[in-house]
Amino acid sequence: MNRREFVRLMGLASSASLLSSCGLERETEKLIPYLVPPDDGVVPGVSVHFNTTCTECPAGCGVSAKVMDRRAAKLEGIETHPVNEGALCIRGQASISTLYHPDRLRHPFIKDGQGDFQQTTWDNAYSIITDALKNASGDKTGSGVDPKPRKHVFLSGRTTGTFSEAVDSFCKETGVERLPEFEFYPYSAIREANRILFGRAQVPSYRIDEADLVLSIGADLFETFVNPVSFAAQFGRSKKRSSFGWIHLEPHVSLTGLQAKERHTIAPGGEIYLLSHLLREVSKVNVAGDRHIAGMAELLPDLLPRGFAEKTGLGVETLDALSRRLIRARRPLVIAGGVSTMQPSGLDVAVLTGLLQWATGMLGGTVRFEEAVDYDRVGSFRDVEQLEQRLESGDIGVLFLCRVDPFGTTAGGSGSHTLVKLKDNFEKATLRIGMGEFMTKTLEMCDVVLPLSHTLESWGDARPRGDILSVVQPAVEPIHDTRSDGDVLIQLTRAYQGAATALSYQEFLIGRLKVRHGSATIEKLLSEGFVKRRVEPLTVTLDRDALTHHLRRIIYDDSHVKPVLVVAPSIRFFDGRSRGLPLLSEIPDPLTTVSYGGWVSISEATAEELTVKDTDEVTVSVSGWKTALPVKIQKGLPRGVMMIQWASHDDTPFDFDRMSGEMMTIYEGAAIAKTGRSVAIPALSGSLTPEGRKVIPYLGEEDQHHHGESEGHPTFYPKHEHKDYRWGMVIDLDLCIGCSACAAACYIENNIPVVGAKLHLDGREMSWIRIEPVYAEEGDNVEFLPMLCQHCENAPCETVCPVYATYHNPEGLNAQVYNRCVGTRYCSNNCPYKVRRFNWFDFKRPDDKNATVNPEVSIRGKGVMEKCTFCIQRIRGARDTAKDEKRKIKDGEVIPACAQTCPTNAIHFGNLEDETTEVGRLAKSERAFQALGFLGTDPGVYYLRGVWKKVHG
Amino acid sequence: MDNLEDKIAYHRAVEHDVLSAMKNPSPLYWVGLLVSAACFALGMSLWGYQIWKGMGVSGLNNPVGWGVYITDFVFWVGIAHSGTLISAVLFLFRARFRSAFNRSAEAMTVFAVMTAGLFPLIHLGRTWFFFWLLPYPNQRLLWVNFRSPLMWDVFAVSTYFTISAVFFFVGMIPDLAIAKRFHNGVRKWLYSVLSLGWVGSFRQWKHYSKLYMFLAAFATPLVVSVHSVVSWDFAMSVLPGWHTTIFAPYFVAGAIFSGTAMVITLVVPMRKIFRLHHHITIDHFESIAKILLFTSLLVTYSYFVEFGLALYSGNVYESGAFLYRLVGDYRYLYWGMLICNSLVPLTLFVRRWRRSIPFLYVLSILVNIGMWLERFVIIVTSLSKDFDPYAWGLYKPALVEAGITLGSFGFFFMLFLLFTKLLPVVAISELKEVADE
């Protein structure tokens, strides 16, 4: 072959290969923009929002569901909704993951002879149920004759609004008895107290934002109490008022307590003495007028200040200051709740609190019955006890259980309480019908299981408070063969008697709403998600006789046996119903940073006495209940008080107060013993104290001024130029309450994988934003530091990446190009904040067909580094809109997921380049500092130092 | 040796001794080769497993993004160092005793760099995109980040490999020509190709000496530069315990220290197996031991300086990092490192121990362990507790990492064993030259 021939052949070969690779590829399709929108209105990549109501807990927050490509992708609070004011809690954010959860019930099931569930049709299930309903004799076998007629009963969780009417109508039509509703937190002590005092068995609404002094006793305002998001939002606003003060008293340590301006540890059971003292002091001042209580104060124990101090465990000065401040306050608010009303003297605490509220003129002001929270049909554990007795006596025929799971969190192992007995006698009902979305421990014991639709697939409404009506409307088509609870009741009625009042629950609902509110309201309801109506002021009168009667009955028993076990309400699991959401276990408890599994918190003193340290296992027992748990030492916990969280593990102790029917949270005479074993617990924090490090620079040294420390650091590199924007964030540490809603929102928005307990133990959690509790070395003060990528101007990660996978973009974002990343992990090593997350594996998403993926955010594969992007997809969206309108992005137009859901509005986001923006202004504040600013990284995230707690008013 | 006949006899003996080492592998050799190859195969399959499953099969985690792999990398680069040192630097200083070791030291260098080069690839999350670390022109206009010390590593290590391979090969050319004479068949053909037509003419020797001198001069600064660059992987970061100016000289000293120890570890059995007692004598070992002692003192000095600066700084992060090394979770490793690298080598002040080959052998292994621990301690303790106490966390190497490390030793020893049978293990012409002088 000569040279020419060679060149010719080469030319031929290369052009042939070029031509062949230029051909049409199979996947290539023509892209044509829509001239005519599609019939079903679904435009790919364009999201629509449906305003509906969160049903994860009874609070009734208004949510807007973002639906893109027919899939619900995210829930966000409705900005104007009076309950949650645009925010959503950790559970609300996580609740969307139930919609596409692979464990959801997909068909009706019936139990066969062997006790296994067999799939069946709705019609078949209905016919079994109607047969049983018609056979009132309760004859199980069909052979003999059971002489005693049985009652059919319907038990549900708390219902409000039209669904409650639907239940009534179903019960009436089919002859079923409706039982008082079941809730683990029925607030029955408060309701019973208000019945005694004012003849209103209600939970009033508390207006923190109108008070100048809040005195909260045991109430877990930010965890589970009535509506935590609302309380947090009100606190967020109130803290900015200079006149606002907040004193919290509790026998243990709670997230709420740690946020108060002043926190005092009260001896367990000491609340009645504290309230007696306060009432006595108040009665001395308030002698005249219609609210005089001098006569009643006489009935309270008269211990000298020293006596009260001894019983409450508070100092004489503290007690004195408390009463003085309460009397001096213009609009005080006293709230007792949580562990203080869920204890042996809980009803008395609630009664005394009610009396104090009345005596100090809070009613109609900061405590309002006109906006009472609707717990009217909710029963108490006394009703559960009754049901158990009726079951035992063979009185119950068909038992309907709608969205209740009494056996889910307790009744597992030890104990011989009502719930265990209820479980044992469960069999004695002729037919048990369970309705729910998941196969719970309760549903497992049922004969017929009817799968219910998710809230986002259903019609409904909610009346969280007297003045608010909130709508539930479907955002997506039902995914499985499920039906909404309303539809099930209507269809059952039809199956029972051949006809029903409405074709569907939607029709029933709209009909009822129309009758009650008119069509105009319905339109507003459907578009805005809620209507708020004006309520007339309500005059509440004190029933002095009933009160006197009760005051005489109070037993001042101070023989409290330590140690005491407190079963504290959990911000993550609520009453246990939220336990199934994997995301809630993935995000750590803000106090201990423990993510998966249970633990017992003990005081430093107890740990010393037992010679145990974190992760050592102990057995904890109270009468009739015993379990082994690893230890976590909790700062600020008083000696002799141990703490576990309700529903944080499979078997929590249970008992209830016979007086009020309220669940008990304080158990006296608990025992704790070392087992000698050690159990690994995934506590995500390496250390809960600063260890001398100054991530929060002022902790421990009050006077140093750290603002602007990073300015003027010498550098070899030219300064970054920002033409229009430098995106930045300002986080107010005064407002951060550690509720972790931001973390949940971030997980959902950014498709962050939930990796599970094992990887947490290995130190491989994937959270982009985390709440760091930083306890002061001395004392029990704690600051919550939300830590996320700081988007440093001089980012240590950017210089070390060999392939420019992370770089500084022109808008000041520390951008991460997933596709370019080769996975050296050098950036993470060099990040002083350790906020970068490496994909150690290909994380499989648990939901069906990646359905909960936010289509606007890519999913990262194994071997790639990821981190907070400041929700760059939202910045892009805003920029597109702004570009279409030929303008710059306005301040407040871009709100990252974390800032959007923050109940206290602690997180601000915007353009730092422009000094007129909110962040531009706040970053110049006297309180502003940058985390580890001395390193010269110049973060785009500024923190505002917490000062509120330190200024005593 | 004034007598020409004696000289010729001695030359014959050298040729015979060295070249007979290349013949007839013993059963022990085969066992050694098989074990090494098996370890290597195990390491490679574990790497495959890691690529398949993800980096999560290692023990690495959130604060600790680098662990055993980077430790291995630095360790092997360190091992690579004294090859060049013994060959080039001692050549330039006319240190006669180098002739006994230089060939194996050079081979060690080349193989150690090859082994070291595996680890940056192994530790990548997406190994299959390793070529993105190379600055090659592409239509996407993507370029590499020359500010990243990892980029400098790419160049430092590849340059070092190229130079040491060329140096190794050039130094071997006269010996390959000798080997050609003693072999038949394929090997004869191989050696004649590799010896590049060497006939030993005066002209060839003249060029050869110049080239060799030039290469030695060229390789010498690389000893300093390569390990300085490797140290900058750490020193250029912001981490307390990494970010310190002493790192470059400290790492270079450490590298020579560990490399010298590895030379002893390799040459002692080689000398015994191939019966090279006449050519590699106790005096040679003593000289090497002196280098070992000197570098040990340098390294110990660095430890002191590092610690002193940290404590003196009054900076809580700096002093925290070093106190953590001393008394923290990894304290036993740190203490082990101090014993192996600083305490035990002090025994070399005693002449009798310096000249005891079994003692030197044990000591060299201890130093190897100590230096591995040093890198591990530096890398892991600094990462495990840095600025933000919330993010602190511990790292425990996983079995996969242990297996891959074992595989790297397998790879190294496999190459070295192949070398002993394929190429002249001692520089024949240099030994002759030394004898002539």
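A residue counts as buried here if 20 or more other C-beta atoms lie within 10 Å of its own. By that yardstick, helix α7 of chain A (residues 228–238) in this predicted model has ten of its eleven residues buried, so the rest of the structure largely encloses the helix. The buried set runs through Pro228(A), Val229(A), Ser230(A), Phe231(A), Ala232(A), Ala233(A), Gln234(A), Phe235(A) and Gly236(A), and then takes in Ser238(A).

As for confidence, chain A comes out with a mean pLDDT of 88, and 93% of its residues reach 70 or more. There are weak patches, though: residues 138–144 of chain A have a pLDDT below 50, and that stretch has eight contacts in the model beyond near neighbours in sequence. Another such patch covers residues 702–710 of chain A, where pLDDT stays under 50 and the model has 16 contacts beyond four places in sequence.

Helix packing is next. Two packed helices are described by the angle between their axes and the distance between the axes. In chain A, helix α9 (residues 271–285) and helix α12 (residues 316–328) have axes that come within 10 Å and cross at roughly 45°. The two helices are therefore oblique to each other, and their crossing is right-handed. On the α9(A) side, the contact is made by His277(A), Leu278(A), Glu281(A), Val282(A) and Val285(A), while α12(A) brings in Leu319(A), Leu322(A), Ser323(A), Leu326(A) and Ile327(A). Sorted by class, that gives seven nonpolar, two polar and one charged residues.

Chain B offers two further pairs. Helix α5 (residues 149–181) and helix α6 (residues 185–194) of chain B have axes that come within 8 Å and cross at roughly 155°, which makes α5(B) roughly antiparallel to α6(B). The crossing is left-handed. Leu176(B), Ala179(B) and Lys180(B) of α5(B) make the contact with Lys188(B), Tyr191(B), Ser192(B) and Leu194(B) of α6(B). These residues divide into four nonpolar, one polar and two charged.

The other pair in chain B is helix α8 (residues 247–273) with helix α13 (residues 357–384), whose axes come within 8 Å and cross at roughly 140°. Angles over 145 degrees would count as roughly antiparallel, so α8(B) is classed as oblique to α13(B). Here too, α8(B) passes α13(B) in a left-handed crossing. From α8(B), the residues involved are Gly254(B), Phe257(B), Ser258(B), Ala261(B), Met262(B), Ile264(B), Thr265(B) and Val268(B); among those they meet in α13(B) are Ile357(B), Leu360(B), Tyr361(B), Met371(B) and Glu374(B). The tally for this contact is eleven nonpolar, five polar and one charged residues.

Back in chain A, Arg494(A) sits in helix α16 (residues 485–497). With 17 C-beta neighbours inside 10 Å, Arg494(A) counts as partly exposed. Leaving aside residues up to four places away in sequence, Arg494(A) touches Ala499(A) and Ala500(A). Its C-alpha atom is separated by 61 Å from that of Lys311(A), a residue 183 places away along the chain.

Finally, the two chains meet through 41 residues of chain A in contact with 37 residues of chain B. On the chain A side, the elements giving two or more residues are α24 (796–800) and α25 (826–830). Of these, α25(A) gives the most, with four residues. By class, the side of chain A that touches chain B has 19 nonpolar, 13 polar and nine charged residues.

Conventions
Residues numbered from 1 in each chain as written. Chains lettered and ligands numbered in written order. Predicted model: local features only at pLDDT ≥ 70, side-chain atom pairs only at ≥ 80, totals over all residues. pLDDT = per-residue confidence, 0-100. Contact = placed C-beta atoms within 7 Å. Buried ≥ 20, exposed ≤ 12 C-beta atoms within 10 Å, placed from the backbone. Axes fitted to C-alpha atoms, helices over the stretch in contact; angles between N-to-C directions. Parallel < 35°, antiparallel > 145°, perpendicular 65-115°, else oblique. Left-handed = near helix turned anticlockwise from the far one by under 90°. Nonpolar A, V, L, I, M, F, W, Y, C, P; charged D, E, K, R; others polar.
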